[in-house]
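Me: Please take one part of this model and go through it closely with me. I would like to hear how its pieces are arranged, what touches what, and how the charged side chains around it are placed.

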Amino acid sequence: MHISKYLIFLLISLFSACTFATSKTTAEIETSNKNSPPTVTSNNNSQLLQNIVQNYLQKTPIKTTETLTLTQAQEVQNLFVLEISKSLGSVVGYKAGLTNPKAQKIFNVSQPLRGTLLEKMLLENGSVISGKFASRPVAEGDLILRVGSAEINNAKTPRETLKYLDAVIPFLELPDFLYSENIKLDASALIATNVGARAGILGEPIPLADTDEWENRLQNLQVEILDENGKVLASGKGSNLLGNPLNVVLWIKDSLQAEGKELKKGDLLSLGSISRFVPVKSNSTIRARYLDLEPNKTVEIFVKFE
């Protein structure tokens, strides 16, 4: 797929004239901060944006990158999300990356990174998709918590966020690193490419309650990633997510508020890697098994790759 001259002109025009902020809907993305002065003015950065869009749509690795500040990278992400939302639908939530301290150390950051989830990125349990769904296709055990009330924006502690969450949803994320394997990625490269958001398999929502039992359950749940023969390929615990998934929820809320944005009821919050990444190949099946998420019940979701 090639980007038309008109689209390239439109992207460059937007890039040089506007500062965009990640927001709740496509319309809001298009209209926010139109009068703000640009802080990303380099032609190289404009070219980087074009490369990200083109390679994302073509599902081919980006072979070059540019040095960006985190602020510049966020602006590239906002424009990138604006463009792909034309085919992937409106914003339905957010994802956190690098929620494991070990991963943060590798990328020389002290906190997670935030990306945006779009409607058509999220697929039903049992979906059949191409084994080449991404430029660098992988799978990981993840978890989604759903916002039940906008009052979550007033929460001051991780435990307080539990009052305003109404469901936990098993989530087998299918991210995309997007860059060639020989490129050393940094935090700004990940931010610019929307923290690898590409697709994911959703399980059925499980109702939450504001109890000590649920707080402990989220922290101690286990996830196993299995192949079609039942072999465990990777595993992890809820505590891999900043010690407790609720810590990630508070971080996402705070990171949005720092940019003048807020969560709303129904937002889906993808919390990061519980398990390590597992490479994906065609003609295979990947399953995610959740233990201790529901009492006396094992929850599984799966995806088939053609």
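Reply: Happy to. Let's begin with an open sheet of five strands, which run in the order E4-E14-E13-E9-E10 with mixed pairing. At its edges are strand E4 (128–129) and strand E10 (232–237), each of which pairs on one side only. Two strands are said to pair if DSSP finds at least two bridges between them, and the strands themselves (E, at least two residues), like the helices (H or I, at least four), are DSSP runs numbered from the N terminus.

A word on the ground rules: this is a predicted model, in which local features need pLDDT of at least 70 and side-chain atom pairs count only at pLDDT 80 or more, while totals for chains, interfaces and linings use all residues. Residues are numbered from 1 along each chain as its sequence is written, and side-chain values use heavy atoms, with hydrogens and water left out.

At the E10 edge, strand E9 (residues 222–226) pairs with E10 in the antiparallel sense, over five bridges. Within that pairing, Glu 224 has Ser 235 in E10 as its bridge partner. Helix H8 packs on the sheet and touches E9, E10 and strand E13 (284–294), its direction making about 145 degrees with that of E13. For that angle, axes are lines fitted to C-alpha atoms, for helices over the stretch in contact, and values run from 0 to 180 degrees between N-to-C directions.

Leu 233 is a good residue to zoom in on, since its place is in strand E10. Setting aside residues up to four places away in sequence, Leu 233 touches Ile 225, Leu 226, Asp 227, Arg 276, Val 278 and Ile 286; contact here means heavy atoms within 4.5 Å. Arg 276 is 43 residues from Leu 233 in sequence, with 9.0 Å between their C-alpha atoms. With a relative accessibility of 23%, Leu 233 counts as partly exposed. On this scale buried means under 20% relative accessible area, exposed over 50%, and partly exposed in between (1.4 Å probe, protein chains only).

Now to the charges. Helix H8 (212–220) also marks one end of a loop that starts after strand E8 (206–207); Asp 210 lies in this loop and Arg 159 in helix H6 (residues 158–162). Asp 210 and Arg 159 form a salt bridge, with their closest N and O atoms 3.0 Å apart, so the pair ties together parts that are 51 residues apart in sequence. Shared partners extend this, and salt bridges join Arg 159, Asp 210, Asp 212 and Glu 215 into one network. A salt bridge is taken as a side-chain nitrogen of Lys or Arg within 4 Å of a carboxyl oxygen of Asp or Glu. Asp 210, at 36% relative accessibility, is partly exposed, and so is Arg 159, at 24%.

The structure holds 16 salt bridges. Another of them joins the side chains of Glu 173 and Lys 95, at 2.7 Å from N to O. Because Glu 173 lies in strand E6 (residues 165–174) and Lys 95 in strand E1 (residues 91–97), this pair links parts that are 78 residues apart in sequence. Glu 173 is buried, with a relative accessible area of 2%, and Lys 95 counts as buried at 3%.

Asp 142, in strand E5 (residues 138–147), makes an interesting contrast. Asp 142 is buried yet has no salt bridge, and the nearest side chain of opposite charge, that of Lys 95, is 6.0 Å away. Here Lys and Arg count as positive and Asp and Glu as negative; His and the chain ends are not counted. Beyond its neighbours within four places in sequence, Asp 142 contacts residues including Glu 173, Phe 171, Leu 271, Gly 272 and Tyr 290.

Leu 271 and Gly 272 also appear among the contacts of Thr 99, as do Pro 112, Asn 240 and Val 248. Thr 99 sits in the loop between E1 and helix H5 (101–106), and counts as buried at 2% relative accessibility.

Stepping back, the protein has nine helices and 14 strands, and 54% of its 306 residues count as buried. Among contacts between residues at least 6 apart in sequence, 77% join residues at least 24 apart.
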